[in-house]
Every structure is written in C-alpha cells, then in structure tokens.
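Below are some notes for a colleague who has not seen this structure before. They deal with salt bridges and then with pockets.

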Amino acid sequence: MKKQSAMNRDWIATARTLSEALPYMQRYSGATVVIKLGGHAMGSDEGMASFARDVTLMRQVGINPVIVHGGGPMINEMLDKLGVVSEFVGGKRVTDEATVKVVEMVLSGQVGKRIVQAINQQGGRAVGLSGKDANMIVCDPSDPKLGLVGEPVEVDPSLIRQMSDAGVIPVVAPLGTGREGETFNINGDTAAGAIAAALKADRLLLLTDVAGVKGADGEVLTELTSDDVKNLTEEGIIAGGMIPKTETAMAALKGGTRAVVILDGRAPNACLLELFTEHGAGSMLRL
C-alpha cells in the first residue's frame, strides 16, 4: 500500500510537471533553437540517447532544433591512430591538408552519423550535413599560421530552413568551404554561433561541461548582459575557456539571435529544463 502511494505521488508530480510545461511549449512552438553539442553527452551512449530523446521531444512539440556538434577528442584519437603528426602554434593545432581530411572524416562520418542514428532511434528524423553542403558556410582563414582553420564570413541557412520545414532535424558538422574550394575546420562554438545568427534563432544553447558563467563568489549567474560580460572579463572573473564561449554568444546576439544560454550538457534533460521550466538552466546572455 505504501509502495502504491509513493508511485501515485510520482505520477502526480510527473503530470504536474507536464502541465506546467504547457505555456513554455506554446511559447516555443515554431521557434528555431540551435544547440551546440559536445562534451559529456557525446562521450557516453547513455548521454547521447538522453540528448536524442530531448531533441526528438522538442521537434514533436513544434520546435525546430538544429544541432551543431564538435568532436575534438575523436579527431585527436584518429590522428594518433593514423600517425598524422601535427605542428602547434601558440598551443593550437596547425590544420594542414592531411589533418583536415581526417577532421572531415571524423566529424561528417563518425561523429555526425552517430548523432543522426541516436535521434532516429528515438523516433526523430535527422540528417547529417556539414557547412560545405550547398556552400552553407564560406570561410576565410582565421589565422594563416594555423592553416585550414576557418572563420565564417558568409552563412546561407536556406538548406537548414528547408529541412526544418520538412520536419527533419539538421545535424551540422563544423566544416566550411573556402573561396578557392578549400575545406576549412571551424571551431564548433563559432560555427553554432554563426548559424544561429544567420537563422535569427530564438535560442542558442551552448552545452558545456560546466554549470554556466560563474560570478566572483563562484555561483552561477542566471542572467547576463553584454555589459556584464565585458566587466567580468576585464576583472578576470570570466577567464580561460569561458572567454571564447561568451565571445561566441555576443557575436550570435549581435547577429540577430534572441538569447544565448551556456549550460551544463552533463545535467540530465538540460535542454528541456532550459526551455520548459520557469527557472531554466545555466546562464542566459542577452544584449
């Protein structure tokens, strides 16, 4: 009898959660949400399956999710296996022609197809792309010393829009094409920000391995403006790997993205918590 009562309480709590999510589902119906996937969710089958369920649910309730993924650890592993030796400048890998071939193989093949398969297994319809398809992302070299590392200069989101209109979830590898037909490797966050700006996305969710942007007291800041980011960076509170993420966020916002959220992709159902609950998750950045 006690066990049944506990189960009833769980069911009631679940029903209440679903009921409370309704206004948020209505709010985001038809919205475009770009999600940068990396870190923990890509490292385990359980995390990938959970992420795929969340994305499929988002699509089911009328949201247009667009996935942009990284794959740094997988690239490093494959380069080592193939014996491709890389040079480093300022701690950053120089991407030559041999390296970029491996990068494309891993991102568009191994990583992208794994995400596509995970979403399809959950009942969604996902298709893998790269920024090279239909000249979606045209790049210039970000730094000539780094070789084929690209900075997006033109983004054509029409193919992504067509897929979303057809009920398909685009899964985009961060690769771009050069003006002379070169293949460029793009930082995953940078590619996600550029795509979000081109789509005028309602949200850009940057899934990381930290809880969000932290203040001087170490607590996560739930909301920040561009002035807050500038001040915290100058004070050294925003530092290290969080600097490029906030820079990506600011660029996306200035390009037309409504809001950017930096959140912990390791947390179960992180995307759903952000979109469908009052308290959200992580740190929201606005201009």
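What kind of contact do the side chains of Asp189 and Lys36 make?

1. The two side chains form a salt bridge, with N and O 3.1 Å apart. Please keep in mind that this is a predicted model. Asp189 belongs to helix 7 and Lys36 to strand 1 (residues 32–37), so the bridge ties together parts of the chain that are 153 residues apart in sequence. Asp189 and Lys36 are both buried.

2. A second bridge joins Asp202 and Arg27, whose closest N and O atoms are 3.2 Å apart. This pair also links distant parts of the chain, with the two positions 175 residues apart in sequence: Arg27 sits in helix 1 (residues 2–28), and Asp202 in the loop between helix 7 (188–199) and strand 11 (203–208). Asp202 has a relative accessible area of 12%, so it counts as buried, the cut-off being under 20%. Arg27, at 33%, is partly exposed.

3. The Asp202 and Arg27 pair does not stand alone: Arg27, Asp202, Arg203 and Arg258 are linked in a network of salt bridges.

4. Asp264 and Arg266 form a further salt bridge, and their closest N and O atoms are 2.9 Å apart. Here Asp264 is buried, at 14% relative accessibility, while Arg266 is partly exposed, at 43%. In total, the model has 11 salt bridges.

5. Turning to the pockets, the largest one holds about 1,400 Å³ of space. Its lining is made up of 48 residues, and those nearest the centre are Ile186, Asn187, Gly188, Asp189 and Thr190. Asp189 thus appears both here and in the salt bridge with Lys36. Sorted by class, the lining of the largest pocket has 20 polar, 19 nonpolar and 9 charged residues.

6. The second largest pocket has about 350 Å³ of space. It is lined by 16 residues, with Thr17, Leu18, Ala21, Phe276 and Thr277 closest to its centre. Helix 1 and helix 10 (270–276) are the elements that give two or more residues to this lining.

7. Which element gives the most to the lining of the second largest pocket? Helix 1 does, with 8 residues. Helix 1 is also where Arg27 of the bridge to Asp202 is found. By class, the lining of the second largest pocket divides into 9 nonpolar, 5 polar and 2 charged residues.

Terms used. Residues numbered from 1 in each chain as written. Predicted model: local features only at pLDDT ≥ 70, side-chain atom pairs only at ≥ 80, totals over all residues. Heavy atoms only, no water. Salt bridge = Lys/Arg side-chain N within 4 Å of Asp/Glu carboxyl O. Helix = DSSP H or I, 4+ residues; strand = E, 2+ residues; numbered from the N terminus. Buried < 20%, exposed > 50% of the residue type's maximum accessible area, 1.4 Å probe, protein only. 1 Å grid on protein atoms, 1.4 Å probe; cavity = no way out; pocket = protein on both sides within 12 Å on 5 of 7 lines; lining within 4 Å. Points joined across faces, edges and corners; volume = space filled by probe spheres on them. Nonpolar A, V, L, I, M, F, W, Y, C, P; charged D, E, K, R; others polar.
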